[in-house]
Amino acid sequence: MLKATLEQWRMFKAVVDYGGFNQAADVIHKSQSSIHHAVQKLETVLGVQLLEVKGRRVQLTSSGELMLRRANYLLEEAAKLEAIATNLSGGVESYLRVAIDAIFPPLLLYQVFESVSAQFPYLRIECFETILSGSNELLQAGSVELSITPFPIQSLFNEPLCAISFLSVAHHQHALHQLDRDLTFEDLKSHRQIVVRDSAQSQNQCSGWLGADQRWTVSNLQTSVDLVSRGFGFAWLPETIIQPLLDNKTLVPLRMRQGGKRKTQLYLQFEDADQLGPAARCFMGELRHRSMSMSE
C-alpha cells in the first residue's frame with residue numbers, strides 16, 4: 001500500500017514551482033491550509049523533511065531535491081497514463097499538432113494534410129514551421145505530438161524520413177557567375193551570404209558554411225529564397241523548394257569545385273507512441289508513404 005498520494009506530490013511540486021504555499025494556492029486553486037497540510041502529511045508518512053523555511057522563503061532540503069526529481073517523473077507518467085486513457089475512451093483525437101522543419105517539401109506536406117483530413121474530416125491540424133532545432137524544442141515542451149527535424153533526439157522515438165538536397169545558388173546575374181570557373185570557398189568569402197536563424201528560443205545558431213565576411217541572417221526560409229532570387233547574395237537552399245526558380249533560370253547553381261551540393265537527413269520524431277491517437281498514426285503513415293515515393 002502506497003503511503004503518499006499523487007495529489008500530495010502535486011501540491012509539494014506546486015509549492016516548489018511557485019515559490020511558497022500562498023503562491024501555490026493562488027495557482028492551483030486550493031486553500032493555503034490544505035496545501036500546507038498535504039505537504040506536512042507527506043513528510044510525516046515518508047519520515048523525511050522535504051522543505052525548510054528560511055526567512056520568508058520556502059526552500060528544498062537536500063532530501064527534498066532528490067524526492068522532487070522522482071516526483072516530477074511520477075507526475076509526468078501519471079499525466080501520460082491519463083492521456084492514453086483519453087485516447088482509448090474518446091476514439092479519435094480532435095486536434096493534431098505537428099512541428100515541421102521548413103526544408104521539408106511543401107507540396108508533399110500539403111498532400112499529407114489533405115489525405116489525413118479526408119479520413120478525419122473533423123480533425124484540427126496545427127502546423128508549426130520551424131528552422132533547425134525548433135521542432136525539437138516544441139516537442140520537448142509538449143507543444144506538439146509529432147515533429148520533423150534534422151537533429152533527432154536520441155532519447156526519443158525517431159526514424160529516418162527523407163533526405164533533402166541543398167544547392168549553393170545565386171541570381172543568374174550575380175558576380176560569382178561572372179568568374180566563369182570552378183569556385184572555391186575562398187571565392188565566396190568576399191560576397192554576401194544569406195543564412196537562416198535557428199527558430200528555437202534556446203538556440204542562437206545557424207547551419208552550414210558561414211565563412212562569408214558579409215552575412216545577412218533571416219528568420220524565415222522563404223525570405224532567404226526571396227533575397228537570393230533578387231540578387232542580394234548567395235545561399236545553400238533546398239532543391240525541392242527552389243526548383244521553379246532553377247527551371248526558369250532565375251537562380252543558377254554556383255560552379256563549386258566541391259561542396260556545391262549537400263544533403264540533410266530529416267527524421268520523424270515523437271515522444272511516446274502509446275499516446276498517439278489514430279489520426280496521428282494516420283499522419284505518420286502518410287508521411288512515410290509519400291516520403292518513400294519521393295526518394296525512389
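**Figure 1. Ser168 is a buried residue in this predicted model.** Its relative accessibility is 1%. Buried means under 20%, so Ser168 falls in that class. The residue sits in strand S6. That strand covers residues 157-171.

**Figure 2. Contacts of Ser168 beyond its sequence neighbours.** Residues within four places in sequence are left aside. Ser168 then touches Ala235, Trp236 and Val252. Pro253, Leu254, Met256 and Gly260 are also in contact with Ser168. Which strand supplies Ser168 to this set of contacts? Ser168 belongs to strand S6.

**Figure 3. Secondary structure and contacts of the whole chain.** The chain holds 11 helices and 11 strands. Take the contacts with a separation of 6 or more. Of these, 69% join residues 24 or more positions apart.

**Figure 4. Overall dimensions of the chain.** The radius of gyration is 26 Å. A compact globule of 296 residues would have a value near 19 Å. The C-alpha trace spans about 80 × 50 × 30 Å along its principal axes.

**Figure 5. Burial, surface and charge in the predicted chain.** What share of the 296 residues is buried? Buried residues make up 41%, and Ser168 is one of the buried residues. The accessible surface of the chain is about 16600 Å². Carbon and sulfur atoms contribute 50% of that surface. The chain carries 28 positive and 31 negative charges. The mean positions of the positive and negative charges lie 4 Å apart.

Conventions: Residues numbered from 1 in each chain as written. Predicted model: local features only at pLDDT ≥ 70, side-chain atom pairs only at ≥ 80, totals over all residues. Heavy atoms only, no water. Helix = DSSP H or I, 4+ residues; strand = E, 2+ residues; numbered from the N terminus. Buried < 20%, exposed > 50% of the residue type's maximum accessible area, 1.4 Å probe, protein only. Contact = heavy atoms within 4.5 Å. Rg over C-alpha atoms; globule rule 2.2 N^0.38 Å. Areas by Shrake-Rupley, 256 points an atom, 1.4 Å probe, with all protein chains shown as cover. Lys, Arg positive; Asp, Glu negative; His and termini not counted. Charge placed at Lys NZ, Arg CZ, Asp CG, Glu CD.
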